[in-house]
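Let us walk through this structure step by step. Start with one charged side chain, then follow the contacts.

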Amino acid sequence: MTAFSTNFNESAFPEMKTIDWPHKPIFVQPGGDMKVLGMNNNQPVPLGVPFEIDSPIFKGRMLLRFRNAPSNAPDESAAYFKGHKRLMQTVIQGRFKRPISMSNVYAGSIFAQPLAGAPPPKMTKIMDAIIRRIAPGLILDLSSVSPKAIALLAGTAQTMSIDSPGTEPDITLPVIEENVGSTLGKNVATKSKRRKHLSNPKKAAAYGFNTDRVYTFHTYDDTMDYGRGTMHIPMYGEYDIKPSIGRQPLSLTAVTQDGDILYDLRVWHESHRK
């Protein structure tokens, strides 16, 4: 499992004073292997508006919205969350720089350091075994030196669109339609079929990302509240995860099994300075 973290390096706490953070209480910055055009890696990325990204295997645009963090486009962000339980949104759009199997690109959270409050290794193995029976493409590894909770990107995204250049959807729209059937075939023609089929590594291995199409991945989450650094757990309530991860950022990352980064963002919370 360590292969996923080959190029996942530690990042230092932002140099900018927390009082000056534009999206306080969080500061979202690119990881070392992803560049944001027009910015250096010590600057915060904008929230609520698209920004250009360039990584070893992907080039395109990204949009982030967090319910409980200030936005550079507050009206649009408020409209997106209105009427939903969603706590965050991620949209990635662009082209791959080389062909890659869909069974080889995972998305989720990766940590450069061990968790401060990691469960015992034996418990993690049991949890991972149970989860893999339900979701074969999910890797839950919380007790190693490089913890991670990741799943196949092609099976994780709530909606996915594959288009010819110039016909891709507007990523700022609140709804992005599913559009993969004409490219990938009838077995994954609907959202539910695609997510079920491509979340299984063995089945996903029959499909690939190519270099001539524009891919759009729209993901949202009603569990992880990045603005507050908490998780909403059914039958428990809101759980503060910041003490458990220690003095390191949360991550929004997509990576191959060889450690090549598609995108990588680190989400710091102001409490990490204490």
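At 38% relative accessibility, Lys24 counts as partly exposed, because buried means under 20% relative accessible area, exposed over 50%, and partly exposed in between (1.4 Å probe, protein chains only). This is a predicted model, where local features need pLDDT of at least 70, side-chain atom pairs count only at pLDDT 80 or more, and totals for chains, interfaces and linings use all residues. Residues are numbered from 1 along each chain as its sequence is written, and side-chain values use heavy atoms, with hydrogens and water left out.

Lys24 forms a salt bridge with Glu270 (a side-chain nitrogen of Lys or Arg within 4 Å of a carboxyl oxygen of Asp or Glu). Their closest N and O atoms are 3.8 Å apart. Lys24 lies in the segment before strand E1 (26-30) and Glu270 in the segment after E17, so the pair ties together parts 246 residues apart in sequence. Glu270 is partly exposed, at 28%. The structure holds eight salt bridges.

Another joins Asp240 and Lys242, at 2.9 Å from N to O. Asp240 is partly exposed at 34%. Lys242 is buried, at 15%.

Lys242 also helps line the second largest cavity. A cavity is a set of points on a 1 Å grid over the protein atoms alone where a 1.4 Å probe fits but cannot get out; lining residues have an atom within 4 Å of a point. This cavity's volume is about 40 Å³, the space filled by probe spheres set on the points, which are joined across faces, edges and corners. Tyr226, Ile241 and His269 are among the other lining residues.

How values were computed:
1 Å grid on protein atoms, 1.4 Å probe; cavity = no way out; pocket = protein on both sides within 12 Å on 5 of 7 lines; lining within 4 Å. Helix = DSSP H or I, 4+ residues; strand = E, 2+ residues; numbered from the N terminus.
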